[in-house]
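User: I would like to go through this model step by step, with the reasoning spelled out before each answer.

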Amino acid sequence: MKKKFLKFINKHRKSFITFALTNRQFLAFVVLASLETILLSLCTIGFSPLSLLSAFFDFSVVLLLGSVGYLFKPKKQYMYFQTVLCIITLICFINGIYYTFYNSYVTVGLIESLGQVNSVKGAVFDKLRIYHLIYLLFPLAFFFVHKSLNDHNYFNYVTKIEKGKKNFSTVLLVGVIFLCINIVTLTGTDISRLVKQWNRIYIVERFGILTYQMNDILQSVQSRVFSYFGYDEAAHRFIEFYSNKEEDTKKNKYTGIYEGKNVVLIHMESMMSMFLNLKVNGVEVTPNLNKLSREGLYFSNFYPQISVGTSSDTEFTLNTSLMPALSGTVFINYYDRNYLSMEKLLKEKGYYTFSMHGNNSTMWNRDSMHKSLGYDKFYAKESFEVNKDNWIGLGISDHDFFQQMIPYLKEIEEKNEHYMGTLITLTNHTPWDGGDAYGEFKLTKEVERIDEETGIKETVVDKYLEGTTIGDYIRGVHYADQCLGEFIQSLYDNNLFDDTVLVFYGDHDAKLGTKEYSYLYNYDPVAGKLREEGDPGYVPYDYYENELNRKTPLIIWTKDKKVSGKVDYYMGMIDLMPTLGNMFGFKSEYALGHDIFSIKNDNIIAFPNGNFLTSNLYYNNSKSEYITLKKSVTIDENYIEDCKEYTEKLLELSNDIIVYNLIELEGANIVRETS
């Protein structure tokens, strides 16, 4: 085989050399475009055995795209190649920045979210790194290649000898052959993941960024413009699932305990459980949340299930017990659907519903989506007095937000016997640049060191967490917690919420990388450097540690503090609505989550990327591997397969409901079948 290959090369050597000399612009395009995709892969996922396969896929796509250039005359090919290269550059540039935010890749549905960029531009610039700009050098390099060729009379020479149609056919054929070789190596699981599109990291790692992006466009067009395609199949799955769904009639000690009471949810921006009870320089980072967690019901293993919509995904999942959309965001792309929400169910029981947020009403399209969810009134930035003195990050400071809402809350309580509200905080949003507005919280540390020259022990001030991203975040968390404490005190001072249940929840984690958290655990202020593996006190912090640390606080609290305790069951955001429903006496027949006090340790937390978490293990869908959470438990392969099947069906069914508006269009059919 090797001899035949070498014989083929030697036989066509002259043809290869001639092609290389007379197609330098085309080859420059192929090399630069392929290098860009490889660079993106290395800067995001890193090197893995699958990286070689993804690079080969991207190379095949580049050849196919490049072949079209031969349909133009040599002098006009540059504009085509440069346009395609600029598109690839834009894809790599945007995905490179996006990956640093969300550890995932952009979907076409997010194009409609571009209006959010102006609101979060501070966060974008905070995440921007020099290496992101490297992609912009590739079109520039191609320009200089073209200029050099033009200066050396290359195009006049090539125009006389180039056979465009023949070159088009040849390169297209080679590209198709390479693509077919790639396709032959695919497994059924690979194809299934490409079709479903929810495991973006795996798709890019296996198929390359170009195939991923083209597939995403196809999926988006199919689900948005031609949503009637696949409707019948989706409707059948929907009716079959809910017609055969077993009704949960179990009662537990929390059933109906809050029936008839008011409920207000406090949506805590980027608040994470790992910082509760943490002390820095002997000072609690979250003293008020620590106190609330002791006085109320504290859920210690509560996980948001967000996709690209971050905070908006949390709002949607919490209020409907459905998962985020697999493409785009519900708040922007699917806000006009009919969802059965907590707000609507409580309105049926006579509740007035409201929401408050100190940012623009158009942020995440909340002005439209909050109406769709069933809020009677949305108090946005326009409802508050905002100026340069009380502006932190993306909007009004949490301090002013809570203080200025008190008159509104008084009015709501005076006029309504029952009410349900959501208060969305803002200040703890990246890039945590509140500065002096955050108040005093010491991040440097006084330590004793021995001077290497004199051998004398002296007290020095080490930078510790000062000037680090994790330090800025901790200062933001402390400030947000302080404002929560002031809010609680205001409720006592104004005799508000005496008959109201407060639900505090973190909307998602801080979106920091493993390096930042590893710094928190492994920086040694005495030595003034990071501990390394093998050093005493070194704490390993890897992908799985980071995934398990994404949990956020959930506290259900009342002024009388009659219901308290710690709940260790593993619970997702999708389970909060059914859990509150059990307590307040409402129920959604379309909820995909569970009352945590009924399902207990049998719960499966599904994530939009296909990963899942149970009380026994965390499963990484991209790598088809898992870590156990209990050394004493033996994991059965059937258990894993059952959890995988449950996760995939949940994601598929929830997405069907969203994309095809099945609750409105097919809900009546379920009632007829089950009545």
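**Sheet, helix, core and cysteines**

Analyst: This is a predicted model, and a starting point is its open sheet, in which 4 strands follow the order β19-β20-β21-β22 with antiparallel pairing.

User: Which are the edge strands of this sheet?
Analyst: The order of the open sheet is β19-β20-β21-β22. An edge strand here pairs on one side only, and this holds for β19 (605–606) and β22 (625–628). The edge strands are therefore β19 and β22.

User: Which residue of β22 does L617 stand opposite?
Analyst: Strand β21 covers residues 617–620 and is joined to β22 by 4 bridges, the two running antiparallel. Within this pairing, the residue of β22 that stands opposite L617 is T628.

User: How far apart are the end C-alpha atoms of helix α13?
Analyst: Helix α13 comprises 14 residues, 231–244, and at 1.5 Å a residue it should span 20 Å. The model agrees with this expectation, because the end C-alpha atoms of α13 are separated by 20 Å.

User: Within what arc do the buried residues of α13 fall, seen down its axis?
Analyst: The buried residues of α13 are Y231, A234, A235, F238, I239 and Y242, whereas D232, E233, H236 and N244, on the other side of the helix, are exposed. The buried residues line one face of α13, because, seen down the axis, they fall within an arc of 130°.

User: Which residues touch the most other members of the largest nonpolar core?
Analyst: F238, one of the buried residues of α13, has contacts with Y590, L653, I657, L662, I663, E666, G667 and I670, leaving aside residues up to four places away in sequence. Another core, of 58 residues, lies apart from the largest one and has Y298, M356, Y517 and I555 among its members. In the largest core, which holds 67 residues, those that touch the most other members are F238, F299 and L580.

User: How many disulfides does the structure hold?
Analyst: C43 is in no disulfide, since the nearest cysteine sulfur, that of C92, is 9.8 Å away and a disulfide requires sulfur atoms within 2.5 Å. For C86, the closest cysteine sulfur is also in C92, at 12 Å, which is too far for a bond. Over the structure, the number of disulfides is 0.

User: Is C86 buried, partly exposed or exposed?
Analyst: C43, with 36% relative accessibility, counts as partly exposed. The relative accessible area of C86 is 37%, and as buried means under 20% and exposed over 50%, C86 is partly exposed.

Conventions:
Residues are numbered from 1 along each chain as its sequence is written. This is a predicted model: local features need pLDDT of at least 70, side-chain atom pairs count only at pLDDT 80 or more; totals for chains, interfaces and linings use all residues. Side-chain values use heavy atoms; hydrogens and water are left out. The expected span of a helix is 1.5 Å times one less than its number of residues. Buried means under 20% relative accessible area, exposed over 50%, partly exposed in between (1.4 Å probe, protein chains only). The arc is that of the directions from the helix axis to the C-beta atoms. A nonpolar core is a set of buried Ala, Val, Leu, Ile, Met, Phe, Trp, Tyr and Cys residues joined through side-chain atoms within 4.5 Å. Contact means heavy atoms within 4.5 Å.
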